[in-house]
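Subject: A structure for you to look at

Hello,

Here is the structure I promised to pass on. Please have a look at it first, and then read on for what I found.

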Amino acid sequence: MDKTQEIVSSLITARKNKQPLPFIDPESFSTEESFYNVQNEYIQRGIEEYHHHVKGYKISLTNKGLQKVFNTNSPVYGTLTENTIIEDGVVSRKDFFDPLLETELMFKITEDISAFADPSEIIEKSLIAPGLEIPDSRIKNWYPKISIGELIMDNAVTGRIVAGTPKKLNSSIKLDEIAVTLFLNDEEVAHGQSNFVLDNPLNAVLWLNNTLSAQGKTLLRGMIISSGTFIAPIPLTIGTYRACFDYFGEVNLSVYE
């Protein structure tokens, strides 16, 4: 078993047994390409063993503060599979290790997007929905101590996402001027702005498409893109969350024990 397979097996075992890893030692791995190779193999194993097919991507580290925490100057991405998408807006806290919560806009792809597409094509071929993301890691006490390599290899700490009703972007709406307020049991717990996401969430999706294009991957019709958090991540606790976005409306998440 080579090092890539060894790391992937340890991540799968941690998920299966609900026992987090103390860390991932990449040994000779030092490049972003090698980290994404581990992520790709992790996703491929999920497809082969659990039939968890790729349904989209999530973008992480989309603001300077989080990039500084992880000693990088660029976002990273993780891969969304069928089991990461919450259809009914209800989850158990027991399904996670050490989860956080973020408010994000979700881009739902309506037509295949060209390699290195320009922003206008991305908007033309997308609907946008209010969303919540639950980052979670298979590494113990991960935030904010894990390395950028561990972050990428652990599928950019993908946990779950939930999306509200998507709508077409009106030309009068500026994506860099969208506000969100997050409530827990009807009490406000966070407030954020879309310019926290690479100045504009569209910039994050543009970055993702360029990165995937360089890797020979394509944003396909039906995929969903979690574009980056409007707020600093907060711990996920038991209760009912409601995120209210300008123009795009609300999305809800119920977390039970």
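To begin with one detail: in which sense do strand 7 and strand 8 pair, and over how many bridges? Strand 7 (residues 179-184) and strand 8 (residues 187-193) are antiparallel, with six bridges between them. One of the paired positions is Thr181, whose bridge partner in strand 8 is His191. Please keep in mind throughout that this is a predicted model.

The two strands make a hairpin with two residues between them. Asn185, in the turn, has a positive phi of about 50°. Asp186, in the loop between strand 7 and strand 8, also has a positive phi, about 70°, although it is not a glycine. Asp186 is exposed, and its relative accessible area is 62%.

Now for the chain as a whole. Its secondary structure comes to six helices and 12 strands. The radius of gyration is 17 Å, close to the 18 Å that the globule rule gives for 257 residues, so the chain is as compact as a globular protein of that length. The C-alpha trace spans about 55 × 45 × 35 Å along its principal axes. Of the 257 residues, 53% are buried. If you take the contacts between residues at least 6 apart in sequence, 75% of them join residues at least 24 apart.

As for the surface, the protein chain exposes about 11,400 Å², with carbon and sulfur atoms supplying 48% of that area. The chain has 23 positive and 34 negative charges, and the mean positions of the two sets are 3 Å apart.

Strand 1 is a good place to go next. How many of the seven residues of strand 1 are buried? Five of the seven residues of strand 1 (residues 54-60) are buried, so this strand is largely enclosed by the rest of the structure. Strand 1 runs antiparallel to strand 2 (residues 76-81), and six bridges join them. Strand 1 also pairs with strand 9 (residues 224-229), here in the parallel sense and over three bridges. You can follow both pairings from Lys58: its bridge partner in strand 2 is Gly78, and in strand 9 Lys58 stands opposite Ser226.

Helix 5 and the loops on either side of it are worth a visit too. Before the helix, Pro144 lies in the loop between strand 5 (126-134) and helix 5 (148-153). Tyr143 and Pro144 are joined by a cis peptide bond, with omega about 5°.

Within helix 5 you will find Ile152. Is Ile152 buried or exposed? With 1% relative accessibility, Ile152 counts as buried, because the cut-off for that is under 20%. Leaving out residues up to four places away in sequence, Ile152 touches Glu32, Phe35, Tyr36, Gln39 and Val76. By contrast, Ser114 is 38 residues from Ile152 in sequence, and their C-alpha atoms are 25 Å apart in space.

After the helix comes Val157, in the loop between helix 5 and strand 6 (160-163). Val157 has a positive phi, near 45°, and is a residue other than glycine. Val157 is buried, with a relative accessible area of 4%, whereas Asp186 back in the hairpin is exposed.

Enjoy exploring it, and do write back with any questions.

Best wishes

How values were computed
Residues numbered from 1 in each chain as written. Predicted model: local features only at pLDDT ≥ 70, side-chain atom pairs only at ≥ 80, totals over all residues. Heavy atoms only, no water. Helix = DSSP H or I, 4+ residues; strand = E, 2+ residues; numbered from the N terminus. Rg over C-alpha atoms; globule rule 2.2 N^0.38 Å. Buried < 20%, exposed > 50% of the residue type's maximum accessible area, 1.4 Å probe, protein only. Contact = heavy atoms within 4.5 Å. Areas by Shrake-Rupley, 256 points an atom, 1.4 Å probe, with all protein chains shown as cover. Lys, Arg positive; Asp, Glu negative; His and termini not counted. Charge placed at Lys NZ, Arg CZ, Asp CG, Glu CD. Pairing = 2+ DSSP bridges.
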